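Subject: The structure for you to look at

Hi,

Here is the structure I promised to pass on. Please have a look at it first, and then read my notes below.

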Amino acid sequence: MCSRTIHILTLMHTGGYYLRKSWVYFRTTEQLLNKQVEQDKRIVGLALFGIGIFHFIVSLIPPQFLWLAKLLGFEGQRDKAIQELENCSTTKSMKCVYPSL
């Protein structure tokens, strides 16, 4: 392989690593939100926005490639994503305007 191809593969691997790391952070945040402790509405809104966007983007993956996303630990349910984005739009966070567009 040429050095350009190796460089592109390295960049894809690095990007995938950081995407997976972000997903794990959002999953942890989602579990903390489900504990029903008192939280700042702005932070809850930001978390719901990030989680909702992740779920929505993964739900857009074509069915023939969905097995790969599940193998990597991603899950996407469009109904759940829309519900999370609607909940985000009712908060007073910085991102509350975007889901209502």
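One definition before we start: a salt bridge here is a side-chain nitrogen of Lys or Arg within 4 Å of a carboxyl oxygen of Asp or Glu. Please also keep in mind that this is a predicted model.

First, the overall picture. The protein chain contains four helices and zero strands, so from the N terminus on its elements read α-α-α-α by the DSSP runs. It has 101 residues, and 24% of them count as buried. Of the contacts between residues at least 6 apart in sequence, 59% join residues at least 24 apart. The accessible surface comes to about 7700 Å², and carbon and sulfur atoms account for 63% of that.

Now to the residue that made me want the definition. Which charged side chain is buried yet has no salt bridge? That is glutamate 84, which sits in helix H4 (residues 78-89). The nearest side chain of opposite charge belongs to lysine 80, 4.5 Å away; because a salt bridge has to fall within 4 Å, this pair does not count as one. Glutamate 84 does have a polar neighbour in glycine 52: the backbone nitrogen of glycine 52 lies 3.4 Å from a polar atom of the glutamate 84 side chain. Leaving aside residues up to four places away in sequence, glutamate 84 touches Glu30, Leu48, Ile51, Gly52 and His55.

One of those neighbours, histidine 55, deserves a look too. Histidine 55 is part of helix H2 (residues 41-59), and its relative accessibility is 1%, which is why it counts as buried. With residues up to four places away again left out, its contacts are Trp23, Glu30, Glu75, Gly76, Gln77, Lys80, Ala81 and Glu84.

How many salt bridges does the rule give? The count comes to one. Glutamate 75 pairs with arginine 27, and their closest N and O atoms are 3.5 Å apart. The two partners come from distant parts of the chain, 48 residues apart: glutamate 75 is in the loop between H3 and H4, while arginine 27 is in helix H1 (residues 3-33). Are these two buried or exposed? Neither word fits: glutamate 75 has 29% relative accessibility and so counts as partly exposed, and arginine 27 is partly exposed as well, with a relative accessible area of 28%.

On the outside, Trp67, Leu68, Leu71 and Leu72 make up a nonpolar surface patch, with about 450 Å² of accessible area together. Leucine 71, one of its members, belongs to helix H3 (residues 63-71). Leucine 71 has 63% relative accessibility and therefore counts as exposed.

Finally, two isoleucines in helix H2 that you may like to find on screen. Isoleucine 53, a residue of H2, is partly exposed at 31% relative accessibility. Its C-alpha atom is separated by 6.8 Å from that of alanine 81, although the two residues are 28 apart along the chain. Isoleucine 43 is also found in H2, and with a relative accessible area of 57% it is exposed. Isoleucine 43 and lysine 92 are 49 residues apart in sequence, with 9.1 Å between their C-alpha atoms.

If you open just one spot, I would suggest glutamate 84, buried and without a salt bridge.

Best wishes

Methods
Residues are numbered from 1 along each chain as its sequence is written. This is a predicted model: local features need pLDDT of at least 70, side-chain atom pairs count only at pLDDT 80 or more; totals for chains, interfaces and linings use all residues. Side-chain values use heavy atoms; hydrogens and water are left out. Helices (H or I, at least four residues) and strands (E, at least two) are DSSP runs, numbered from the N terminus. Buried means under 20% relative accessible area, exposed over 50%, partly exposed in between (1.4 Å probe, protein chains only). Contact means heavy atoms within 4.5 Å. Accessible areas come from the Shrake-Rupley method with a 1.4 Å probe; for residues, only the protein chains shown count as cover. Patches are made of residues with over 30% relative accessible area and no salt bridge: like charges are joined within 9 Å, nonpolar side chains (Val, Leu, Ile, Met, Phe, Trp, Tyr) within 5 Å. Lys and Arg count as positive and Asp and Glu as negative; His and the chain ends are not counted. A polar contact is a pair of N or O atoms within 3.5 Å; within protein, one must be able to donate a hydrogen and the other to accept it, and residues adjacent in sequence count only if both atoms are side-chain atoms.
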